[in-house]
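User: Please take a close look at one part of this protein, the first helix, and then place that part in the wider setting of the chain and its nonpolar core.

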Amino acid sequence: GKSSDQGSFDITCNENGLMKTYFLLNLYNEDVTFFVLFWILVHWARLSGLVKLHCAEHTYCVMNTSDMYAFIIHVYKINPVKHRPQDLQSEHCLTENLKKLLQKLQASDKTELKDKLGLQVHKFFRDASSLLESEDLSITWPIDGTDPVLISMDKVKEIKKA
């Protein structure tokens, strides 16, 4: 049969996006907790309306997904990662890196992972709720050459309400 399901999506490919991908993969490889944590927080942001869900009925969102990643990095005050992956210039290398990351996650101590996740989720909501609502938020990715992400004070208020 023919499927009548339709959806829209946004794909942006640029050098900054690739550098951000490198940054995140390095972060995840340094501490696999961040891999799960970012997934949980972005998923929460989608369900709460901060970031657009990938379905037709949800058209409103407060920020782009990439801005949410920047926001998470800002809240955790994450510094630049010490080293870059060897060569992630090809799709194959990115795929292999993700496979290794999933293997690392599967091999991790689940009790320790749950404990760290609980503490990190609590820290995120505690620190995000203390943001000032009286000024725009300018977030700088910890990567040279990327433009700052600007989140208006109205959006900061919506983030705090979510």
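Analyst: In this predicted model, helix α1 covers residues 15-30, and its 16 residues reach 23 Å from the first C-alpha to the last, which is close to the 22 Å expected at 1.5 Å a residue. The buried residues of α1 are Lys-20, Tyr-22, Phe-23, Leu-24, Leu-25, Asn-26, Leu-27 and Tyr-28, a list that holds Lys-20 and Asn-26 beside aromatic residues and leucines.

As for its setting, the protein has six helices and two strands, and from the N terminus on the order of these elements is α-α-α-α-α-β-β-α. Of the 162 residues, 34% count as buried, while the protein exposes about 10700 Å², with carbon and sulfur atoms supplying 53% of that area.

The largest nonpolar core has 39 residues, among which Phe-38, Met-68, Phe-71, Phe-124 and Ile-151 touch the most other members. Helix α1 is one of the elements that give two or more residues to this core, and the others are α2, α3, α4, α5, β1, β2 and α6; the largest share, eight residues, comes from α2 (32-47). In soluble globular proteins, nonpolar side chains tend to be buried together.

One member of this core, Phe-124, lies in α5 (110-129) and, leaving aside neighbours within four places in sequence, is in contact with Leu-41, Trp-44, Met-68, Phe-71, Ile-72, Val-75 and Tyr-76. Across the protein, among contacts between residues at least 6 apart in sequence, 70% join residues at least 24 apart.

Methods:
Residues are numbered from 1 along each chain as its sequence is written. This is a predicted model: local features need pLDDT of at least 70, side-chain atom pairs count only at pLDDT 80 or more; totals for chains, interfaces and linings use all residues. Side-chain values use heavy atoms; hydrogens and water are left out. Helices (H or I, at least four residues) and strands (E, at least two) are DSSP runs, numbered from the N terminus. Buried means under 20% relative accessible area, exposed over 50%, partly exposed in between (1.4 Å probe, protein chains only). Contact means heavy atoms within 4.5 Å. Accessible areas come from the Shrake-Rupley method with a 1.4 Å probe; for residues, only the protein chains shown count as cover. The expected span of a helix is 1.5 Å times one less than its number of residues. A nonpolar core is a set of buried Ala, Val, Leu, Ile, Met, Phe, Trp, Tyr and Cys residues joined through side-chain atoms within 4.5 Å.
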